[in-house]
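Hi,

Here is the structure I promised to send over. Have a look at it first, and then read on for what turned up.

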Amino acid sequence: KMNLQKEEKKFWQRYFRIEKLEAIPKEWKIIGGIGCGDEQFDDYFYYISLRVDIVHEIHLKDSLITDAGVKYMCNFKGLKTLFLRRHDEITKKSIPYFNQMESLETLNITKTAITLTDLTETLNNQSLKEVFLDSTEHDSDENILEKAYILKERMPNCNIYLDCSYALDAFGNPEKPIF
């Protein structure tokens, strides 16, 4: 029988009121809206990744997560939706982690440091169906189409959306992907 180390035990007690290793569920539907106070958000995902095998969705907005936290998310099987809106500390260093997420279908990286150019250089995840990100002032319309074409060729089943966070607008109308 394995026991939790002191720091890990404190983590599970503090956030989930879990006292015993056996009480930690191996599969979670969703992780979202976390508030970690003064602790690092990356540590939050570190501890969860040690014990939870399957997480289907992660929804984070305006948290303190960084590329290191995204790396821990690679350990979750079955991750279909990754919503990482408004995270300045998420950069193109996370793209190889996105590529490792075998079940990932929807990726929202709007308001992060990741650009369309970054994605064009290294994103190659065949399970992705939708990617949402923001254009930058360096992107001309011609430039955007060229980059979108490269991505569409590499990932033909994936729609790339610019400057929106969902495939439907507030009225339920479909947004137009770049390609």
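How far apart are the end C-alpha atoms of helix H6 (residues 141–154), and what should its 14 residues span? At 1.5 Å a residue the expected span is 20 Å, and the end C-alpha atoms are indeed 20 Å apart, so the two agree. (The expected span is 1.5 Å times one less than the number of residues; helices are DSSP runs of H or I with at least four residues, strands are runs of E with at least two, and both are numbered from the N terminus.)

A word on the source before going further. This is a predicted model, in which local features need pLDDT of at least 70 and side-chain atom pairs count only at pLDDT 80 or more, while totals for chains, interfaces and linings use all residues. Residues are numbered from 1 along each chain as its sequence is written, and side-chain values use heavy atoms, with hydrogens and water left out.

Staying with H6, its buried residues are Ile144, Lys147, Ala148 and Leu151. (Buried means under 20% relative accessible area, exposed over 50%, and partly exposed in between, with a 1.4 Å probe and protein chains only.) These buried residues cover an arc of only 100° around the axis, which puts them on the same side of H6; the arc is that of the directions from the helix axis to the C-beta atoms. Glu142 and Glu153 are exposed, on the face of H6 turned away from its buried side. The cover over the buried residues includes helix H5 (116–122) and strand E6 (159–162), where contact means heavy atoms within 4.5 Å. Lysine 152 also lies in H6 and is partly exposed, at a relative accessible area of 21%.

Next, the other helix pair to look at. Helix H1 (residues 6–16) and helix H2 (residues 41–51) have axes that come within 11 Å and cross at roughly 100°. (Axes are lines fitted to C-alpha atoms, for helices over the stretch in contact, and angles run from 0 to 180 degrees between N-to-C directions.) H1 and H2 are therefore roughly perpendicular to each other; that label covers 65 to 115 degrees, with under 35 roughly parallel, over 145 roughly antiparallel and the rest oblique. Among the residues of H1 that meet H2 are Phe11, Trp12, Tyr15 and Phe16, and the H2 side includes Tyr44, Tyr47 and Ile48.

Now the aromatic rings. A search of the whole structure finds 15 aromatic pairs. The rings of phenylalanine 11 and tryptophan 12 have centres 5.1 Å apart and planes at 85°, so this pair is edge-to-face. (Rings of Phe, Tyr and Trp, the last by its six-membered ring, pair if their centres lie within 6.5 Å; planes under 30 degrees apart are stacked, over 60 edge-to-face and the rest tilted.) Both phenylalanine 11 and tryptophan 12 are buried. Tyrosine 44 and phenylalanine 45 also pair edge-to-face, at 5.5 Å centre to centre and 70° between the planes. Tyrosine 44 is buried at 6% relative accessible area, and phenylalanine 45 is buried at 0%. One aromatic cluster includes these four residues along with Trp28 and Tyr72.

Finally, which residue in the loop between H1 and strand E1 (27–32) is worth a look? That loop holds arginine 17, whose phi is near 55°, a positive value in a residue other than glycine. Arginine 17 is exposed, with a relative accessible area of 76%.

Best wishes
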